[in-house]
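Take a walk through this model, from its overall division down to single residues. Keep the structure open as you read.

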Amino acid sequence: MESIKAAYEERMKKTVSALHDEFNAIRTGRASPALLDKVRVDYYGQKTPLSQVATISVPEARLIVIQPWDRSLFSEIEKAILKSDLGLNPSNDGKVLRIAIPPLTEQRRKELVKTARNIAEQSRVAIRNIRRDGLEELKKLQSAGGVAEDAVKKEETELQKLTDAYIAQIGQILETKEREIMEV
């Protein structure tokens, strides 16, 4: 029985971790190497993550500097960043690519908050689906006759507590991200 709870808790942790990854890709007014995590560069015919073909640094709060390891990649990296939906414009000086992070407009901030809320809601739904899967597994165990009804009820309660805790955690993460987006 304990392994059931542990397995479902592990799935819930992965959902929250995925939420963090999604939120890292949402642009705020600050520069962050995580903004470029989803950018893929055409490197010898392969779509390769930018972080695997260049050094990405943040020397200032509103500036990202990208230094490709292979000089022939400058134009490919530039194209990949322009194609991404981040709305960033890299400038190339032959040695490094610089990306100045422009301050967000009020309208863009509101759009980003809406996007963050949608992502958080998807995570909440995923957590509830995990709970449902756990409850179904408990019912199967009970109907197979392997577990007493009291033990199943106790596990259902534990699973619900776990669900509530992870949904509250998602709420806190969303609140933090909203504040980050809205700060000027």
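How many residues of domain 1 are in contact with residues of domain 2? The model is a predicted one. Its protein is divided into domain 1 (4-26 + 105-182) and domain 2 (33-100). Domain 1 thus comes in two segments, given as 4-26 and 105-182. The centres of the two domains, taken over C-alpha atoms, lie 33 Å apart. As for the contacts, 5 residues of domain 1 meet 5 residues of domain 2.

Turn now to the pockets. The largest pocket holds about 330 Å³ of space. It is lined by 17 residues, and those closest to its centre are Ala 25, Ile 26, Lys 38, Asp 85 and Leu 86. Which domains supply the lining? Domain 1 and domain 2 each give at least three residues to it. Helix α3 (residues 106-143) provides the largest share, 5 residues. By class, the lining has 8 nonpolar, 7 charged and 2 polar residues.

The second largest pocket has a volume of about 180 Å³. Its lining counts 13 residues, with Phe 23, Asn 24, Thr 28, Lys 177 and Glu 180 the closest to the centre. Two elements, α1 (2-24) and α4 (149-182), give two or more residues each. The largest share belongs to α4, with 4 residues. Nonpolar and polar residues number 5 each in this lining, and charged residues number 3.

Next, look at helix α2 (residues 74-83). Its residues Phe 74, Ile 77, Ala 80 and Ile 81 are buried. Why do these four sit on the same side of α2? They cover an arc of only 135 degrees around the axis, so they share one side of the helix. The general rule is that an α-helix has 3.6 residues a turn, so residues three or four places apart point the same way. What covers the buried residues of α2? The cover includes the strands β1 (40-43), β3 (54-60), β4 (63-68), β5 (90-92) and β6 (97-100).

One of those strands, β4, holds Ile 64. Is Ile 64 buried or exposed? Its relative accessibility is 0%, so Ile 64 counts as buried. Leaving aside neighbours within four places in sequence, Ile 64 is in contact with Ala 31, Ser 32, Leu 35, Leu 36, Ile 56, Ser 57, Val 58, Leu 97, Arg 98, Ile 99 and Ile 101. Lys 14 is 50 residues away from Ile 64 along the chain. The C-alpha atoms of these two residues are separated by 29 Å.

Tyr 44 is worth a stop for its backbone. This residue is found in the loop between β1 and β2 (46-49). Phi of Tyr 44 is near 50 degrees, a positive value in a residue other than glycine. Is Tyr 44 buried or exposed? Tyr 44 counts as exposed, because its relative accessibility is 67% and the cut-off for exposed is over 50%.

End with a charged residue, Arg 124. Its place is in helix α3, the helix that gives the largest share of the lining of the largest pocket. At 16% relative accessibility, Arg 124 counts as buried, because buried means under 20%. Which residues does Arg 124 touch, not counting those up to four places away in sequence? They are Ile 167, Ile 170, Gly 171 and Leu 174.

How values were computed: Residues numbered from 1 in each chain as written. Predicted model: local features only at pLDDT ≥ 70, side-chain atom pairs only at ≥ 80, totals over all residues. Heavy atoms only, no water. 1 Å grid on protein atoms, 1.4 Å probe; cavity = no way out; pocket = protein on both sides within 12 Å on 5 of 7 lines; lining within 4 Å. Points joined across faces, edges and corners; volume = space filled by probe spheres on them. Domains from an automatic or database assignment. Buried < 20%, exposed > 50% of the residue type's maximum accessible area, 1.4 Å probe, protein only. Arc of directions from axis to C-beta. Contact = heavy atoms within 4.5 Å.
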